[in-house]
Amino acid sequence: MNNAIEIKNLCKTFGTKKAVDNLSLVINDGEIFGFIGPNGAGKTTTLRIISTLIKADEGDAFIDGISVKKEPEMIRGKIGFLTSELKLEDFFTPNYLYDYFSKLHNVDENTRNERKQKLFEKFGIEDYKEVKIGELSTGMKQKVSLVISIVHDPKFIIFDEPTNGLDIITAKTVTDFLLDLKNEGKTIIISTHIFSLVEKICDRVGIIFNGKMIVEDNVKELTSTCSLEDKFFEIYNEKVGEIYE
């Protein structure tokens, strides 16, 4: 497989807290890679660095061979980034926001309209396309955020907690869509606390504690004798002392 995303010796410190500690990783073309770890482990910081939202103190990451550090503008055109912390303006509508972000990504009008219709119908947004964001449910807001993040049909998808706070029906819609994207040949990274989501859709998983990648393995191999949740806590109990000492 080709290296779609390569992370080399990333380090990031906030004050005295080392959020990412010399993290390196290769993600293959067309796979779904999952990050799991406790709050504050460094998952979100890592995703923000490779999405060009913040800069690393040391190290670099490459997406499709392009340096995140040296050519961030080129990276932004290749990725779709979604975070649960994204806040859409309450007084805009899904229709307006989709068109606005499409223009930012230089998506031509015909492609924009065709893709918008497809995505709005898939996620049940069509009937709410002229409803202001502030009047939508939490689940609908998340679905709108998702489709906006991929208006330009990016090859690389980076989603931080994509099903966080969603009801089970909306969460399944998002999960099924991630598998559809994989079938289209997209390379996907997700960060999540939901073990079952990783087991269902991810090819490989990285377990992070205190900014360090402790385990990186094929999901099926890692869960050959027990569930991912059991394996996670087995690793946690073995490693936590040496990590936090």
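In this predicted model, Lys12 lies opposite Val20 of strand 2. The two strands concerned, strand 1 (residues 3-14) and strand 2 (residues 17-28), run antiparallel and are joined by 9 bridges. Their hairpin has 2 residues between the strands, and Gly15 there adopts a positive phi near 65°.

Strand 1 also pairs with strand 4 (residues 58-63), again in the antiparallel sense, over 5 bridges. Within strand 4, Ala61 is the residue opposite Ile7.

An open sheet is built from 6 strands in the order 6-7-8-3-9-10, with mixed pairing. Its edges are strand 6 (79-83) and strand 10 (212-218), each of which pairs on one side only. From one strand to the next, the twist averages 15°. Strand 7 (residues 156-160) and strand 8 (residues 187-191) are parallel, with 5 bridges between them; Ile158 has Ile189 in strand 8 as its bridge partner.

The strand pairs described above are listed here.

| Strand pair | Sense | Bridges | Facing residues |
|---|---|---|---|
| Strand 1 and strand 2 | antiparallel | 9 bridges | Lys12 and Val20 |
| Strand 1 and strand 4 | antiparallel | 5 bridges | Ile7 and Ala61 |
| Strand 7 and strand 8 | parallel | 5 bridges | Ile158 and Ile189 |

Two helices lie across strands of the open sheet. Helix 1 (residues 43-50) lies across strand 3 (32-36), strand 6, strand 7, strand 8 and strand 9 (204-209), and runs at about 150° to strand 7. Helix 5 (residues 138-149) lies across strand 6 and strand 7, at about 160° to strand 6.

Technical notes
Residues numbered from 1 in each chain as written. Predicted model: local features only at pLDDT ≥ 70, side-chain atom pairs only at ≥ 80, totals over all residues. Heavy atoms only, no water. Pairing = 2+ DSSP bridges. Helix = DSSP H or I, 4+ residues; strand = E, 2+ residues; numbered from the N terminus. Axes fitted to C-alpha atoms, helices over the stretch in contact; angles between N-to-C directions. Contact = heavy atoms within 4.5 Å.
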